[in-house]
Amino acid sequence: AHGLDVRVCALEDAALEPGTFDAVFTNAVLEHLPSPKGALTKMRELLRPGGAILAVTVNYESYTREFVGAEWKLIDPRAHMSLFSPATLRSLCEQAGLKVAKIATTGARFRPEGAKRLGGPHRWVEELRKFPYSVASRLNLRGDSISVLAERPGNG
């Protein structure tokens, strides 16, 4: 559909031609890899000059980690081999030869995933309490999810 060549595969096992992709997208993957820098380097090699990577991962410096603490399952080292902040993700992209165009964060929670959903007025109180943190997380990069848009420089 739409003339797209979409491939779902493990990057290390893929027989993909370098310099042939316009975009690479990864969501909730980098934190699970033994070498996120190696993966980003491979992604850069796959891109045409000017091609872009959009990567989404967990933000260790989030309000959610502060509020939920050790109960936040996303920081469990058994689940995630690496954790990132906006600064460390930017640095990792740059080390992999990518030019970071934008970093953004979203989301804030007071309770761990899987906690029973609040109902009635309790839910509204929590949403109102959370609202300023959700807005602030977009401005100060403390949301629980980091998105980075990075490009392969035009000179190779």
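## Salt bridge between R142 and E66

In this predicted model, R142 and E66 form a salt bridge in which the closest N and O atoms are 2.4 Å apart. The pair links distant parts of the chain, since R142 sits in the loop between α4 (120–140) and β4 (145–151) while E66 belongs to helix α2 (residues 63–68), with the two positions 76 residues apart in the numbering of the pair. R142 has a relative accessible area of 25% and is therefore classed as partly exposed, because the partly exposed class lies between the cut-offs of 20% and 50%.

## Salt bridge between E126 and R111

A salt bridge also joins E126 to R111, and here the closest N and O atoms are 2.9 Å apart. E126 lies in helix α4 and R111 in the loop between β3 (99–106) and α4, so the contact ties together parts of the chain that are 15 residues apart in sequence.

The two partners fall into separate accessibility classes: E126, at a relative accessible area of 14%, is buried, whereas R111, at 24%, counts as partly exposed. The value for E126 leads to the buried class because that class covers relative accessible areas under 20%.

## The β1-α1-β2 unit and its salt bridge

Strand β1 (residues 21–27) and strand β2 (residues 47–58) run parallel and are joined by six bridges. Within this pairing, A23 has A52 of β2 as its bridge partner. Together with helix α1 (residues 36–46), the two strands make a right-handed β-α-β unit.

A side-chain contact accompanies this strand pairing, for D22 and R48 meet in a salt bridge with an N to O distance of 2.7 Å. This pair, too, links distant parts of the chain, with D22 in strand β1 and R48 in strand β2, 26 residues apart. D22 is exposed, at a relative accessible area of 54%, while R48 is partly exposed, at 34%; D22 is placed in the exposed class because its value is over the 50% cut-off.

## The salt-bridge network and the total

Beyond the pairs described above, R109, E113 and D144 are linked in a network of salt bridges. For the model as a whole, the count comes to six salt bridges, among them the contact between R142 and E66, the contact between E126 and R111 and the contact between D22 and R48.

Definitions and conventions:
Residues are numbered from 1 along each chain as its sequence is written. This is a predicted model: local features need pLDDT of at least 70, side-chain atom pairs count only at pLDDT 80 or more; totals for chains, interfaces and linings use all residues. Side-chain values use heavy atoms; hydrogens and water are left out. Two strands pair if DSSP finds at least two bridges between them. Helices (H or I, at least four residues) and strands (E, at least two) are DSSP runs, numbered from the N terminus. A crossover is right-handed if, with the strands pointing away from the viewer, the path from the first strand over the helix to the second runs clockwise. A salt bridge is a side-chain nitrogen of Lys or Arg within 4 Å of a carboxyl oxygen of Asp or Glu. Buried means under 20% relative accessible area, exposed over 50%, partly exposed in between (1.4 Å probe, protein chains only).
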